[in-house]
Structure formats: structure tokens, C-alpha cells
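Biologist: I should like to learn how to read the packing of a helix and the pairing of strands. Might we work through one case together?

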Amino acid sequence: MNAWQMNFAADDLASSWSVLLADAAWKGTLLLLLAATATCLLRRNRAAVRHMVWTATFGLLLIVPVGSLLLPGWQILPDWMNWSPTPAISAETAQPTATNAADARPQPDIEYRPVTQPDPSLLPSAQIKVVPVEEHQPDVQAGLPLESAPVIATEAPQHSSVAMATPTQQPLWLAATIVQIWIVGCVVCLLRLVASIVYMLGLERRMVNVTQSPLGQESRDYQKELGFGGRVRVLLAREGVMPMAWGLLIPRIVVPRNAELWPDSQRRAVLLHELGHIRRGDPLWQVVMETAKALYWFHPLVWLAGWRANFERERACDDLVLNRGISAADYARHLVDVVSMPRLRSVATVAGVSMASTRKVESRVRCIMDHTSDRRPMTLRTVALVIAATIAVGVPVSMMRGAEPADELPVQTISSSQGTPVQTPSGFPQWGRTSSRNNVAQTTDIPSEWNTKTEENIRWQVKLGSQTYGTPVVAGGKVFIGTNNGHGYLKQYPAAVDLGCLLCFDQETGEFLWQHSNRKLPTGRVHDWPLIGVVSTPLVVGDRLWYVSNRAMVVCLDVEGFTDGENDGLVTDEESTGQHDADVVWQFDMLATLGISPVNMSACSPTTDGTRLFIVTSNGVDETHNNVPAPNAPAFLCLDRATGQVLWTDNSPGGNVVCQWSSPSFGVFDGQPQAIFPGGDGWLYSFDPAGDGRGKSKLLWKFDCNPKDAKWELLSGRRNPHLTMPVIADGKVYVSTGQSPENGEGEADLWCIDPTHRTDGSDVSETLVISKAGRNVPPRRLQNMNRAEGEREIPNPNSAVVWHYTGGDLNDNGELEFDETLHRTLGCPVIADGHVVLADFSGLLHCLDVETGQLQWTYDLYAMAWSTPLIADGKIYVADEDGEVAILELGEEQRFLREISFNNSIYSTPIVADGVLYVSDRGRLYAIGRVDEAESDR
């Protein structure tokens, strides 16, 4: 998993629990105050009723936090009490622990409905096999035949683990400290309860079981008199102790060793009192109360409520005894006699219910002698009323939420400016606007100044999930973006439910329209890292949308969702068909059908040639980065765009794959269409989109994007796979290399390639590797050339290289310094007006001459850059992890204009659609455009 996720997750988890504790604390305070008020109003009523109110309150203290997570919000509270839980990435400070092959193998829990029966001989095995990478040398031209109809999948309900997170402005060190202190106190109190149970079990071994003796028979007679059955064990202590009751499954009564010698009236009074506790279930409620006190140990009202509940409990049993005909004077005398008996250690009273305490005996005697007290037994009607009142209070309290904070403004409903010159084609329907993936906008009127606080030039802003890595696309008057379920737009999926989500908003107003919800894979973080959500950027054509979900499914949706009241497509049994749910047309499960094993996530952003859909499957390594669980599974996939039918697959990277979070591009060169796929092995592959006509791929050319002696090593290795996508401009292909961010900021390569040089399946790399004997050396995962074995590098006569960039010596000192070196990249190059612009993971923005690849200048963002720059109106817009967008002029000389801050880190790419700039940070999407005064007033 990526280092940024590991760094943020522990903090987010601490913040989430601190918020949950704060929410539980104030709701617990409200419940306790309501209970105190109710018992005060019932002071003339029976003690049993007041005790039931207190026990119900302790039950609510345990249930309400769960209800807060599961029930929809009810925002009626002031801003300062706001609690809007959002999922946080659960991460660790080290690489995930490796699992064995069985653990790594996908275990789909999905029901599949084939449209037609595919030929089994044409399907690749879904069996996943862990193969040491050194042993696998794939045929890079091998294709996997798949001439089958689509497999339409409907998701089965699943459960998912959830972590809560707070807004990032909360001091993380304080959140972590609060949670640590709470955990320590909670553990101490729970250990106290466990110690009490263990102590009583140990004490029981030293007692005499007299259940079958005359004393036991007397107890059974009184049990019948009280009207309840069940076995009650009577224990005679070997020493003099105060009577008590305890035990959950098998209730026990403990009486002192001389109880058989007591007067009949005293023995009757004591046994009736202890049996009264058992009949009322007091030992069970004692454990519930102690559990609640452990969880709320920091709350003084909880301890006061526990003391009051114990007092009312004893009074209720006193009333029960008095209702059996024992005189108040005699019972008061027996109670005083019991108080004088030795008590067991205080630890025993945590799980057990003792008959009396010296601290309360005077008040109890006074109540016993008060003949005006209401001592009537509880009725079923009274019990039902208390239960109903408990539910009536608990549900609304669980649902209470604070209003939105003042600095998080609601969606703006400002109309578009009249007369705004928009020169770009309508919308931004896929990553890069077209299948060439070049993020350039031909517009002259987007603002270069805005303010997210004052809303200067902010048309609208909307909440997303807590972690957003998808780039927005705009088409047909709608905006689509992948994220997680941090905002919880749908009532059936509160924010605490971990999902991958594709959200749809109205382009004009930002109004939420619908959401496609994807439950997390049951295989867990090996394939679907918690709380990552959807990272794929969708493709939209007409009334259809395609993207890759976190479940490794290629999904086709109707862009209207169910807002049009229609259920379109082959899938008609969606789990949810509400107005704000997505309408699935078809979906293809790559896990179950192709047997892929994506590492941590599926990340491809699809593209098309008009009729076909091109997908990088994300098949990769396991958590150790040393094994490929599914070396025979396809790396590249071509589907029929309308039906989801598999047209061809390709497994060229095979067991050499490292990380395959890239996406394809498409272009036509000298009349030859080419689907260009970046491989997880660091090679770039070009295929004929039509395949070979027999369900297999047709390779046009391949290119090694790493120096031949570069070696793959975690953290320090020079050999890199592709995490970006190739960019097509002016008949050339531009591609850069990089690694998962957890591996740091090593060196990388940027290539400019002529895709027309050879289209016969040749290796068009800059050089070739031959062995000591002069034979061609096939590609390897760790290192393509081993000089120690006599292998050497020779020029490739078929080389398609135009130029190759790793850095430029700007100060002419003969060395490449930090700000002159290209580091690993997560974003793509952008080509416009004779320049190539690329931001690397170290936070350097490089500007090169497009013809020669010579470095013209670099600019240091002083923060890691995850996204691709945007070029619009002669300016470069580049976002960074500090949540800032730097704006520079595009030209041969570096000219910085300004830097504008957002509220959170930015991991997606800024885009322009119809004259509006769209930027998403971790939690919000902003539509930025010129807003005139009249529109602002409106």
C-alpha cells in the first residue's frame, strides 16, 4: 500500500475515534439527564420503575453509538456540535503482511448470469497460482483467447469493516492522545469486571453447594412463591459473609455459613431478597451497567447514575420482600443484622449484587419504615411503557447530528455566465478529454484567481467522500467522479458504510443526482484496500458511462440513473432502484471471469475507439511484491462497448509485472488504429484494436521504457513500471515511468516515441540485450541486462525513440542536481505550443522543448505532485499534496503567477469543461468559473 495511505490512516483512525467518543459523550450526557429528570418525576412511583429507567438508560449508552453509525442523520443541532463521520483509510506503517496463496486467491461472493454460454475452451483459467517471478518468462506476444458473451454480475449483500474519520483540521496528536487515554481507562475498567467474575468463580470452589439440602429446598419454595422457574444454585460460604446474588447463565445465591441457624423470619427475608434480584435479572443488568461504566469511565454522571441505579435496585427488592407479608420493623432489623456481617472483597460487588451497604442502610431503613411508599409490583403495562419510552428517546438521540459548519457552505446555485466564450468541445467525457489523453483545454476565459473561502469565482462546491483520487469528467450536463462513501449521500448507506462510489452531480448547480455503490471485496486489502473507494475516471459517450469499480468490475451505467424512472440494459435486478441510485446496463467481473489479482485496488480509467472498450486489468503482485498470484491472467482487455462481450485479451507482462495501476490510450497513425497499453512490467505495448480476428491480441510494437541495466528493488530500485497513461500529440507518443509512492522519489524516464516506425510486432526499444553467446535475452522482471553474466547492450536498428529525458543540466556544471532530475511520476506529460510539461512525485514541474526533449526550466512545488498538469489559456495549472494549485505561464522561461490554496490535499487532476475549471481535493469538488455581479446576487 502507498506510503501516503499509511501515514494518513493511523491519524484518521485516531481522529475518527475521538469524534465518536465526543459524540457518545454528549449524547450520553443527554440520556443521563433525561433519566435523572424522569426518575425525579417518578419519585412517588415504585422503586422498580425508577430502576428500570436507569437500566434502560445504561442499555442506551451502549446502543446509541452503534445507532449513530447506522441510522440516518437528523441535523437539528448547532454548528459546534457537528459530527459528520467520514471513512478514513485504515493503514499501517509497514507493508501489508503477506498471505499464502489460498488467502490471496479471490473468493467471489457474486451471482453471475451469463447472457450466452461461452465456450469453456476459450476462457482463461480463473485459478490463481503464486509463481516466483524469477521462474516465469512469458511469451510477450502470447494472447489469451476469449470469444465469449458478457457475464453480467449482480452483487450479493456483504458486510464491511468501517473506520470513522474526522475533518482533517482536528489536531491529530490530540486525537491520538484522547483515544489512547480512553483505551487505557476502558481496559482497566473491563479488567476490573473480568477480575470480579474470575474471583467469584474461584470463591465458589471454596463454598458448599447446598442446593439439595433443606436450605436449598426452602429456596425453591420461595422461588415458586415469587412465581419464576429455573435452576438457582444456593452456596454456603465457609466464612461469614454478606448475602449476595450473581451469575448470568446459572444464577447463584451466596449466604453465610450460619444461615441454617438463623430464625425462620430472617432466613425468609434474606432468601426472598436475593431471589428477587434473580427474578428481576439484576445480575445481568449489573454486568451491562459495569460495561457501560467501562466505556464511559471518563464521564462522572455515569458513575453517579450507577450509584443511584444500585440504590433503586435494592429498594425494589426491599419492596418485593415487604409485599410477601414480612413486617417493615422485622425486615429493617434483619437488614441491620446483615450489614454487620463481613463483606467479601470489593471486587466481588462489581459482578455480584450484594444485599446491603453501610453507606445506604440508613436511607433504606427510612424507606422501609415509610408506609406511604408505593410498593406495588410491576405490571406488563408499565414495562411496555418504559420500553416504548426508551425506544422513543434512543432513536432520535442516535440520529442527532450537528448542522453543517459555517465554513463548509452548501451547494451554490449560480447560473453560468452569459456570453462566456467557450472554445473547447462540449464537456470533458473521459480522462484527458479524448482518447489521446492530452490534458489541454482550448479556452481563453477560465479564471486564474479564485478563493474557496470567500467563494470568489466559485460557481458551486459539493462534498465528496473522505478520500478522493478520481478525476471528474463532464458530459451531457452532468459531472461524474469516483470517491468513497465518506459523505453518505444515500440513506441506505450512511457514511460509516465502506463503499466505492461513483457520484453524479448536475453540471449547472452541483445538485446531487445519483450514486453507484460498490461494496468492498470480501478478500480485503489484498484486492480492495479499505476506504480507498473508486479511483477510476469514467468514460462517457452519449447516454452511457463506463468505469472500473473497486470490485474489479467493468461497469456500464445509464447516465440518467433511476432519475428517469426507467431500468435500462441487461441488468434489471439492481439491489437498489431508488431515485438516487445508479442504473446498471451491464457489468463484467474481471476477478471471477479472468482470474486477475489486483494488488490493493483496481485503478484503470477506460478509453474507446468508438466501438471497443480498452481496459488495463490491474493484475499484479501480492503484498510482498515478490510473487505474482495470477501470472497467466490477462493484463490488457478489450470489450465490446455496447454489450460487454470479451473481444480479446493479452498477457504480455505475465510474471514480470510489478504494479499495474495504469490506463490505455488510443490513436490513429498513418491510417493504422493503435490501442496503446502501458504494462506493469515497464514496457509499452501497442495493439491493433481489432485483434487478430480469432479472439487473440495482435501486437503492433513494444517498447522497454527503462534502461536495460536498471534493477527492480523496493524503495531504491531504478527500474520502474507505469502508473500513468501514454499521451498522444502531433503523431507522437509520450510516456513516463514511476512507482507506488510508498517506494519514494527515485529517478524515472520520459520517452517520446514514433508509433509508426514499425507495426509488425517488433521490439522498438532504444537498445537490445544480447547474451555472451550473441543471442537475444528475453525480458525479465528484476533486471533486463546482467553485465556480470556477460550480457551487453547493442543499438536497436528498429528503435522508435525520438528523444529520451531523465533530466537536464541547466547550470552547465556537468551534473544533474535535484532540481534538474526527473523523479518518479504519478501524472502524465502534457503537450502544447511546442512544450512538454510534466510534474514528478518529488514536486518538480519540468518544462521541455517538444522537438528535442531538452529541459527549459523546472519549478519546485515544495510538495509531492500526484496529478497531471492542466494547460489552458497559455497557463499551466498544477496541483500538489499540500492542497495548492500553482499557476505558471507556458513558455521557454519560467514565470510563476500565483498559488491558490484549497482546504485539503489534491490527488486528482484539474480539468476544464465548457469554460469551467473543476478541481477536487480529498473531500470536495469545486466548479470554478467567472461569476458576474448579477449572477452572484441571484
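**Reading one helix and its neighbours**

Modeller: In α11 (residues 361–368), Val361, Arg364, Cys367 and Ile368 are buried, that is, under 20% relative accessible area with a 1.4 Å probe and protein chains only. The model is predicted: local features need pLDDT of at least 70, side-chain atom pairs count only at pLDDT 80 or more, and totals for chains, interfaces and linings use all residues. Residues are numbered from 1 along each chain as its sequence is written, and side-chain values use heavy atoms, with hydrogens and water left out.

Biologist: Why do the buried residues lie on the same side of α11?

Modeller: An α-helix has 3.6 residues a turn, so residues three or four places apart point the same way. Here the buried residues cover an arc of only 125 degrees around the axis, which puts them on the same side of α11; the arc is that of the directions from the helix axis to the C-beta atoms. On the other side, Glu362 and Arg366 are exposed, meaning over 50% relative accessible area.

Biologist: Which helices do the buried residues of α11 pack against?

Modeller: Contact means heavy atoms within 4.5 Å. The partners are α6 (264–280), α8 and α9 (328–339).

Biologist: At what angle do α8 and α11 pack?

Modeller: Axes are lines fitted to C-alpha atoms, for helices over the stretch in contact, and angles run from 0 to 180 degrees between N-to-C directions. The angle between α8 (residues 300–322) and α11 is about 35 degrees, and their axes are 11 Å apart. From α8, Phe311, Glu314, Arg315, Asp318 and Leu322 meet Ser363, Arg364, Cys367 and Ile368 of α11.

Biologist: How is strand pairing to be read?

Modeller: Two strands pair if DSSP finds at least two bridges between them. Strands are DSSP runs of E with at least two residues, helices are runs of H or I with at least four, and both are numbered from the N terminus. Strand β41 (residues 835–839) is joined to β42 by 5 bridges and runs antiparallel to it, with Ala839 opposite Leu845. β42 also pairs with β43 (residues 855–860) in the antiparallel sense over 5 bridges, where Cys847 stands opposite Trp857.

Biologist: How many residues of β42 are buried?

Modeller: In β42 (residues 844–849), 5 of the 6 residues are buried, so this strand is largely enclosed by the rest of the structure.

Biologist: Which residues take a positive phi in the two hairpins?

Modeller: In the hairpin of β41 and β42, with 4 residues between the strands, Gly843 has a positive phi near 90 degrees. In that of β42 and β43, with 5 residues between the strands, Gly853 has a positive phi near 75 degrees.
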